[in-house]
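Good morning, and thank you for coming. I would like to take you through one structure today, moving from a single residue to its surroundings and then to the spaces inside.

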Amino acid sequence: MQIYRGAKRYFYWFGLTAHILLIALLWALFSNQITSHWRWKQLAGIFSGPVDSTPVTVINAVPGGKANPAYQVLAKGRWIKIHQQGAEDTVKFDRQRHGGSTFDSKRGRLILFGSDTHGTDWSSVIRTFDMGALRWSVIGETGHPERYTVSSDGVPIASADHVQPWAMHTFDAIEYDPIHDRLIVASHPEHLKPERFGNWMADIWPKIQQHPTWLYDFVSNQWQYDLGKSISFFPYATAYDSKRGHLWGIRPDGVFQYLQQGGWTKVVKKGPYVYHTNAVYDQKNDAVVIFGNNKNSNDVWIYRPETEQLKQQSTSGIRPPGTQASPLAYHAGVGQVVALVDDPDQDVQVAQTWMYDTALDRWERVPEGDFPYRLGMNYNLQYDNLNNLLVLAANAPKEAISVWVLRL
């Protein structure tokens, strides 16, 4: 009997000790994965409060499409929040991380277009933020995926009686063409391909013969598509050349040119072997500047249209941290490229603001230009030519979209 009791105590304490050690081991192995997971952070955010608690700086509205003198008295070199969606807004939406942006230089509007898709969002409308009137508007209606079809030309359209693109990622593949007053979208719904993330389009996809370059005419308020040679720049980059009035597109298989009709032509045989890039046209130096990529490199690539040369820059001195899918814009007022890059230290919850001088191949960090939270994937930075400032649409996870400006 005593042997039995002794054995029972032994196995009890042995089992308890073993379980404690096992739990400690599992916690040591997986605690970092647990606390770094976005759901854990979302749960923690309920108790810690909003990530973005920056108050909105009140800007008096002016008629849409007009320069607003109130911007000219804002402090320079600092990001200032001028709007955040709230109960009073008639237009509300979730910012699409996989969407892109451009700027309507005629009307002074930030333009957002593109969807996260993956079966969770089917946004195919154009959203605009008027920098004068300080409000969001929507152009078009979101198509219903059950009505998606293919046109007689073999192009995927929203429905048989509605020519509009399917929901798609756009990244840096959208541009505004001021000469023809239209939006140009050179992407395609790659993530709706059957077996990629789901089979929603399994019956329709085989009927597609071409993924065209899409055009939205702001005069007629209609979508059109170009049946010329189409090249998709998902998930690569395009830039509008204000000197020549056409687009450049950069992919690993080359640099391409879009002359407004008849599709794309290749002008350089090879491009950077990367994706999640962003590109802008530097009109002062007549150069396309490419920065950020999936390898989290901090290299800059320059394409010079005049000589048709594509070159990786040597860039000595300080550089921003390596990044991908980050905001990039050309600021015509100062003649430099501006990039927002998340601080590599995960405990430092800011994005750094950097300026790049193309002629000198030199980076400089804006001293007081840190953005108050990490941006992650964001293609929503543009230059507002009417007010001579940068405008950014951004939001912390699960928080309302805000509009920010930066004077330099």
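I begin with G369, which is buried, with a relative accessible area of 0%. Please keep in mind throughout that this is a predicted model. G369 sits in the loop between β23 (362–365) and β24. Which residues does G369 contact, once its neighbours within four places in sequence are left aside? They are G77, W79, A351 and T353. There is also a long-range relation to record here: I80 is 289 residues away from G369 along the chain, yet the C-alpha atoms of these two residues are separated by 10.0 Å.

Let me turn next to strand β1 and its salt bridge. K81 lies in strand β1 (residues 79–84), while D52 belongs to the loop between α2 (38–48) and β1. The two side chains form a salt bridge, with 2.9 Å from N to O. Because K81 is in the strand and D52 in that loop, the pair ties together parts that are 29 residues apart in sequence. Are the partners buried or exposed? K81 is buried, at a relative accessible area of 1%, and D52 is buried as well, at 7%.

This is one of 16 salt bridges in the structure. A second example is K243 with D286, where the distance from N to O is 3.7 Å. This pair, too, links distant parts of the chain: K243 is in the loop between β12 and β13 (246–251), D286 is in the loop between β16 and β17 (287–291), and their positions lie 43 residues apart in the count along the chain. Here the two partners fall into separate classes of accessibility. K243 counts as exposed, at 56% relative accessibility, whereas D286 counts as buried, at 13%. Both residues belong to a network of salt bridges that links D241, K243, R244, D286 and E306. A further salt bridge joins the side chains of R251 and D253, at 2.9 Å from N to O. In that pair, D253 is partly exposed, with a relative accessible area of 31%.

I now move to strand β4 and its partners. Five of the five residues of β4 (residues 126–130) are buried, so the strand is largely enclosed by the rest of the structure. How do the side chains of this strand divide? In a regular strand the side chains alternate between the two faces of the sheet. In β4, I126, T128 and D130 point one way and R127 and F129 the other way, and all are buried.

On one side of the pairing, β4 runs antiparallel to strand β3 (residues 109–113), and four bridges join the two. Within that pair, I111 stands opposite T128. β4 also pairs with strand β5 (residues 135–139), again in the antiparallel sense, over five bridges. There, F129 has W136 as its bridge partner. The hairpin of β4 and β5 has four residues between the strands, and in it L134 takes a positive phi near 60°.

R127 brings us to the internal spaces. Rolling a probe the size of a water molecule over the atoms shows where empty space is left. How many cavities of 30 Å³ or more does a search of the whole structure find? The search finds four. The largest cavity has a volume of about 90 Å³. Its lining comprises 13 residues, and those nearest its centre are Q96, L112, F113, G114 and R127. By class, this lining consists of four nonpolar, six polar and three charged residues.

Finally, I come to the second largest pocket, whose volume is about 550 Å³. Of the 27 residues that line this pocket, E175, Y240, Y330, Q382 and Y383 are the closest to its centre. Which strands supply at least two residues each to the lining? They are β2 (100–104), β8 (174–177), β12 (237–241), β16 (278–282), β20 (328–331) and β24 (381–384). The largest share, four residues, comes from β16. In terms of class, the pocket lining has 16 nonpolar, nine polar and two charged residues.

To close, I would draw your attention once more to G369, buried at 0% relative accessible area, and to β4, with five of its five residues buried. Thank you; I would be glad to take questions.

Note on methods
Residues numbered from 1 in each chain as written. Predicted model: local features only at pLDDT ≥ 70, side-chain atom pairs only at ≥ 80, totals over all residues. Heavy atoms only, no water. 1 Å grid on protein atoms, 1.4 Å probe; cavity = no way out; pocket = protein on both sides within 12 Å on 5 of 7 lines; lining within 4 Å. Points joined across faces, edges and corners; volume = space filled by probe spheres on them. Nonpolar A, V, L, I, M, F, W, Y, C, P; charged D, E, K, R; others polar. Salt bridge = Lys/Arg side-chain N within 4 Å of Asp/Glu carboxyl O. Buried < 20%, exposed > 50% of the residue type's maximum accessible area, 1.4 Å probe, protein only. Pairing = 2+ DSSP bridges. Contact = heavy atoms within 4.5 Å.
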